[in-house]
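These are my notes from one sitting with a single model. I record what I looked up, in the order in which I looked.

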Amino acid sequence: STTFPTPATSKRGGKSTVAKDYYILFPDYSQSIMSVRFDASNPDDCTVEQRQEPPPGKYRQDQLEQIHERFGSHIAIAANNKVSHVVGDGTPQALVLELMGALKGVLMPIGHRAYGHLIYSNLANATVQQFDEIRAGDIVSFRKAKFQGKHGAMHQKYQMEVGKPDHVGIVAEWDGTKKKIRAVEQGRESKKARVESFRLSDLRVGEVRVWRVVAREWVEWDEISS
């Protein structure tokens, strides 16, 4: 979860009251909002109110396309420019955090589990959901994923494990016919960012999810003042 305080001060009858609102965002994008008010000269004299907000509504197709134009298209270009470079400390999350953090008004990830509006979800190919075409600049996350199949002209058998611990990359290209993602990643086999392919139809175990980067307004948060 992520917590953001928003302080405010008011005076009433010579008494200075401090008000702070704390927003705790959960991986399903529901929120717990706590409002704390106390006397500046006597912090023990305080009141606390808490309320829960459900996850925001899903975007329509046209809204998903618009938010991709706002953020995803820029992330795709920036990710391509990072190939063969080490971003931050060389971890998978450092690459994503740097590229998302460079965009004004973006809603940053929640830990290593949620990166925006869910576009695609695949649980070992037993349960597959897709809400829009996967696009370059979307975020792909892996958790305890195991791929197994054949590739190349000689149809050689291969096996690959991704997401132990959780792994994340940026979609560079999506082939809907082959169900294959090419993604910019780092920190799995090398600290340098590189492009790797993942054939989603070969997923045998674990989870693969694709996320559309969204604005803070999706969860009704204001932009951070510069």
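In which loop does Asp-132 lie? I located Asp-132 in the loop between β6 (127-130) and β7. I keep in mind throughout that the model is predicted.

**Entry 1: Asp-132**

I next asked whether Asp-132 is buried or exposed. Its relative accessible area is 5%, so I entered Asp-132 as buried, the cut-off being under 20%. I then looked for a polar partner and found that the side chain of Asp-132 makes a polar contact with the side chain of Arg-135, at 3.2 Å. Leaving aside neighbours within four places in sequence, I listed Gln-61, Leu-64, Ile-119 and Arg-212 as the residues in contact with Asp-132.

**Entry 2: the overall fold**

I went on to the secondary structure and noted 2 helices and 12 strands. Read along the sequence, the pattern is β-β-β-β-α-α-β-β-β-β-β-β-β-β. For the extent of the protein, I recorded that the C-alpha atoms fill a box of roughly 85 × 35 × 35 Å along the principal axes. Of contacts between residues at least 6 apart in sequence, 57% join residues at least 24 apart.

**Entry 3: strand pairing around β12**

Which strands did I find joined to β12 by bridges? I noted that β5 and β12 run antiparallel and are joined by 6 bridges. In this connection I saw Leu-118 standing opposite Trp-211 of β12. I also noted that β7 and β12 run antiparallel, with 7 bridges between them. Here I recorded Val-210 in β12 as the bridge partner of Val-140.

**Entry 4: the nonpolar core**

Which members of the largest nonpolar core touch the most other members? Among its 51 residues, I found these to be Phe-147 and Ile-181. I then listed the elements that each supply at least two residues of this core: the helices α1 (61-82) and α2 (92-101), and the strands β5 (117-123), β7 (139-151), β8 (156-162), β9 (167-175), β10 (180-185) and β12 (203-212).

I followed Ile-181 further, not counting residues up to four places away in sequence. Among the residues that Ile-181 touches are Ile-134, Val-140, Val-171, Trp-174, Phe-198, Leu-200 and Val-210. I also entered Glu-173, Glu-196 and Ser-197 as residues touched by Ile-181. Val-140 and Val-210, both touched by Ile-181, are the bridge partners noted above.

**Entry 5: burial and surface**

Lastly, I recorded that buried residues make up 41% of the 226 residues. The accessible surface comes to about 12500 Å², and 48% of it belongs to carbon and sulfur atoms.

Note on methods
Residues are numbered from 1 along each chain as its sequence is written. This is a predicted model: local features need pLDDT of at least 70, side-chain atom pairs count only at pLDDT 80 or more; totals for chains, interfaces and linings use all residues. Side-chain values use heavy atoms; hydrogens and water are left out. A nonpolar core is a set of buried Ala, Val, Leu, Ile, Met, Phe, Trp, Tyr and Cys residues joined through side-chain atoms within 4.5 Å. Buried means under 20% relative accessible area, exposed over 50%, partly exposed in between (1.4 Å probe, protein chains only). Helices (H or I, at least four residues) and strands (E, at least two) are DSSP runs, numbered from the N terminus. Contact means heavy atoms within 4.5 Å. A polar contact is a pair of N or O atoms within 3.5 Å; within protein, one must be able to donate a hydrogen and the other to accept it, and residues adjacent in sequence count only if both atoms are side-chain atoms. Two strands pair if DSSP finds at least two bridges between them. Accessible areas come from the Shrake-Rupley method with a 1.4 Å probe; for residues, only the protein chains shown count as cover.
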